[in-house]
Amino acid sequence: MAIYLLFIQHIMHSLTSKGKAAIVVPTGFITAQSGIDKKIRKKLVESKMLAGVVSMPSNIFATTGTNVSILFLDKTNTKDVVLVDASNLGSKVKDSNGNQKTLLSEKEEQRIIDVFNAKEVQDDFSVVVSYEDIEAKNYSLSAGQYFEIKIEYIDITAEEFNAKIKGFESKLGALFSESKKLEKEIQSNLKELNYE
């Protein structure tokens, strides 16, 4: 078992009735569909001790390329949970050893803090969910699982629709033709191969 799983359980067990904790975990922990990871998340939800999760950008720590998230526990948080996807923030830099690292600006750090503390919803960045919502999503703690999917509809005329379909048919025909040509070339080349 990964040591961080033992550490999370130790923290959960050690918290007082008003206890709080922040734990850095591999991002895979927040979405694992089975095993001890999911059981721990289920226990966090059932015990109502989760304040939220912040998914950090990759390479936020110079010493590891592992994507990480920060799990915030709060025994007094019996209502909504805030999930933040900060994975697209930061700028890439190289440290003195040539390792790539992601740095957050002060403004970006403050945005994460403000959104988290205010339990604010921001499109494609943060979402506020209930414990029941988390249970319904198989205990996933990834903000992206809860973002509203936006579908944009554009009105087009019948002529525009027909023109698009003809374009797709033409492109598909060209791809099928190219595929047949490549298939014949491959078969021809295979016949020429000899083992000596």
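**Notebook: salt bridges, strands and surface patches**

Glu46 and Lys42 sit 4 residues apart in helix α2 (residues 35-46), which puts about one helical turn between them. I started with this pair, and I remind myself that I am reading a predicted model.

**Entry 1: the pair in α2**

I looked up the side chains of Glu46 and Lys42 and found that they meet in a salt bridge, at 3.9 Å from N to O. How exposed are the two partners? Glu46 is exposed at 52% relative accessible area, and Lys42 is partly exposed at 36%. My note to self on the background: side chains of opposite charge can pair when their charged atoms come close.

**Entry 2: the other salt bridge**

How many salt bridges does the structure hold? I get 2. Besides the α2 pair, I have Asp74 with Lys20, whose side chains meet at 3.9 Å, N to O. Asp74 belongs to strand β3 and Lys20 to strand β1 (residues 20-26), so this salt bridge ties together parts that lie 54 residues apart in sequence.

Buried or exposed, I asked of Asp74? Asp74 counts as buried, with 12% relative accessibility. Lys20, on the other hand, is exposed at 59%.

**Entry 3: strand β2 and its neighbours**

Next I went to strand β2, which spans residues 50-55. This strand is mostly covered, and I find 6 of its 6 residues buried.

Which strands pair with β2? Strand β3 (residues 68-74) runs antiparallel to β2 and is joined to it by 5 bridges. Strand β4 (residues 81-85) pairs with β2 in the parallel sense, over 4 bridges.

I picked one position for each pairing. On the β3 side, Gly52 stands opposite Phe72. On the β4 side, Val54 has Val84 as its bridge partner. A general reminder while I turn the view: in a regular strand the side chains alternate between the two faces of the sheet.

I also note that β3 comes up twice in these pages: β3 is bridged to β2, and β3 carries Asp74 of the salt bridge with Lys20.

**Entry 4: two asparagines with positive phi**

I then checked backbone angles. Asn59 has a phi near 60 degrees, a positive value in a residue other than glycine. Where is Asn59? I find it in the loop between β2 and β3, and it is buried at 17% relative accessible area.

Asn138 also has a positive phi, about 60 degrees, although it is not a glycine. I place Asn138 in the loop between α4 and α5. Asn138 counts as partly exposed, at 28% relative accessibility.

**Entry 5: a negative patch**

On the surface I looked for charge. Which residues gather in a patch of negative charge? They are Asp80, Glu132, Asp133 and Glu135. I followed up on Asp133: its place is helix α4, residues 131-136. Asp133 is partly exposed, with a relative accessible area of 36%.

**Entry 6: a nonpolar patch**

Last, I turned to nonpolar side chains on the surface. Ile154, Ile156, Phe161, Ile165 and Phe168 form a patch there, with about 510 Å² of accessible area together. I chose Ile156 for a further look. Ile156 lies in the loop between α4 and α5 (158-192), and it is partly exposed at 40% relative accessible area. Asn138 from my fourth entry is placed in the loop between α4 and α5 as well.

Methods: Residues numbered from 1 in each chain as written. Predicted model: local features only at pLDDT ≥ 70, side-chain atom pairs only at ≥ 80, totals over all residues. Heavy atoms only, no water. Patch = residues over 30% accessible without salt bridge, like charges linked within 9 Å, V, L, I, M, F, W, Y side chains within 5 Å. Areas by Shrake-Rupley, 256 points an atom, 1.4 Å probe, with all protein chains shown as cover. Salt bridge = Lys/Arg side-chain N within 4 Å of Asp/Glu carboxyl O. Lys, Arg positive; Asp, Glu negative; His and termini not counted. Charge placed at Lys NZ, Arg CZ, Asp CG, Glu CD. Buried < 20%, exposed > 50% of the residue type's maximum accessible area, 1.4 Å probe, protein only. Pairing = 2+ DSSP bridges.
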